[in-house]
Amino acid sequence: MAFTLRQLQFFVAVAEQGTISRAAQNLSISQSSVTEAIKELEGDLGVELFERHPRGLNITHKGHQFLRHATKILADVSDARRTFFGGQATATGQLKLGVTSLVAGYVLSDLLARYRRAHPAVEISAIEDNGDYLEHLLVGGKLDLAVMVTSNLRDRMALQSEILEVSAYRLWLPLGHPLASAEIISVGDIASEPLIMLSVDEIEENTGKLLSAIGAKPHVAFRTRSVEAVRSLVATGAGVALLPDLVYRPWSLEGDRIESRDVSGSLPVVQVGMVWRRGSSLPAAARDFIGIAQAQRTVRQKL
């Protein structure tokens with residue numbers, strides 16, 4: 001294999017944007033350069049990373065597997081550069097973290113991996129709970145930081161936050177669902193569909209508000225706190241789901257395909273960020289964690 005970091009950057013950008021044109025626009029380069037890089041990368045790997053269709057691109061199962069490797073490689077390179085040029089001494093101490101359920105496996109896991117590589121001597125303890133309880137722990141000084149959904153942060157006077165990622169809601173569908181081929185999908189089209197409802201953080205509240213705005217009552221076929229359960233139920237045709245793109249993956253654990261489509265109209269977004277007590281003197285371990293998270297956000301914005 002002879003793929004380059006540039007090809008990996010282009011691949012990640014296309015995977016995140018869903019089309020060559022949007023990726024090229026974000027990268028500020030020509031579409032032909034992105035297309036050629038993806039073709040060369042597929043040739044090096046010997047697999048198809050994307051399925052081409054008139055609406056854009058769908059990442060394949062192999063492409064989804066490679067995406068995890070590609071993002072890790074780019075993160076490792078960023079870590080290596082920062083460590084080499086930073087000349088920092090090995091940090092020690094403790095870091096007390098909180099995390100909400102929705103972001104534990106989709107944001108925090110990668111941040112923790114990068115932080116541990118950069119600061120292996122720091123002792124880390126983490127707790128997963130709902131946002132209200134994490135706010136209570138932060139205000140009481142029991143936690144240094146929390147990585148959590150900040151869209152519905154309650155105590156903004158006592159807490160300071162910094163956004164890491166903003167994720168729009170999209171519609172999840174099983175393969176072959178009639179709405180998957182629709183040119184435009186409205187909220188009204190979803191009103192009569194059985195919903196698989198994820199009942200963590202603000203997801204259920206936002207979905208209910210969205211459907212109530214058009215005078216419809218959600219028809220909840222199944223309510224769960226597990227994203228993997230949502231994936232399996234949607235993939236097997238038990239219903240559809242409205243969820244932030246942050247947690248979308250095109251395959252269930254059983255290997256069944258899940259489609260994702262935009263919905264017209266004003267849909268909510270989920271903001272994920274770091275939160276700490278306003279005015280507190282953060283320990284060096286917490287400041288280092290914030291720096292790594294900021295660097296990762298910058299890398300993603302450049303892709």
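**Figure 1. The whole chain, with its 10 helices and 11 strands.** Helices (H or I, at least four residues) and strands (E, at least two) are DSSP runs, numbered from the N terminus. The protein chain has a radius of gyration of 20 Å, close to the 19 Å that the globule rule gives for 303 residues, so it is as compact as a globular protein of that length. That radius is taken over C-alpha atoms, and the globule rule is 2.2 Å times the number of residues to the power 0.38. Lay the C-alpha trace along its principal axes and it spans about 55 × 50 × 35 Å. This is a predicted model: local features need pLDDT of at least 70, side-chain atom pairs count only at pLDDT 80 or more, and totals for chains, interfaces and linings use all residues. Residues are numbered from 1 along each chain as its sequence is written, and side-chain values use heavy atoms, with hydrogens and water left out.

**Figure 2. Inside and outside of the protein chain, by the numbers.** Of the 303 residues, 46% are buried; buried means under 20% relative accessible area, exposed over 50%, and partly exposed in between (1.4 Å probe, protein chains only). The chain exposes about 14,800 Å², with carbon and sulfur atoms supplying 51% of it. These areas come from the Shrake-Rupley method with a 1.4 Å probe, and for residues only the protein chains shown count as cover. Among contacts (heavy atoms within 4.5 Å) with a separation of 6 or more, 74% are between residues 24 or more positions apart.

**Figure 3. Arg261, a buried residue in a strand.** Arg261 sits in strand 10 (residues 258–261). Its relative accessible area is 8%. The Arg261 side chain reaches the backbone oxygen of Ala180 at 3.0 Å.

**Figure 4. Ala15 and what it touches.** You'll find Ala15 in helix 1 (residues 5–17), partly exposed at a relative accessible area of 25%. Setting aside residues up to four places away in sequence, Ala15 touches Phe50, Ile59 and Leu67. Val103 is 88 residues from Ala15 along the chain, and their C-alpha atoms are separated by 20 Å.

**Figure 5. Glu254 and its two serine partners.** Glu254 belongs to the loop between strand 9 (241–244) and strand 10, and is exposed, with a relative accessible area of 53%. Its side chain makes a polar contact of 2.9 Å with that of Ser232, and another of 3.1 Å with that of Ser252. A polar contact here is a pair of N or O atoms within 3.5 Å; within protein, one must be able to donate a hydrogen and the other to accept it, and residues adjacent in sequence count only if both atoms are side-chain atoms.

**Figure 6. Ser199 in its loop.** Ser199 lies between strand 7 (195–198) and helix 8 (203–212). Leaving out neighbours within four places in sequence, Ser199 is in contact with Glu204, Arg223, Thr224 and Arg225. Asp110 is 89 residues from Ser199 in sequence and 24 Å from it in space, C-alpha to C-alpha.
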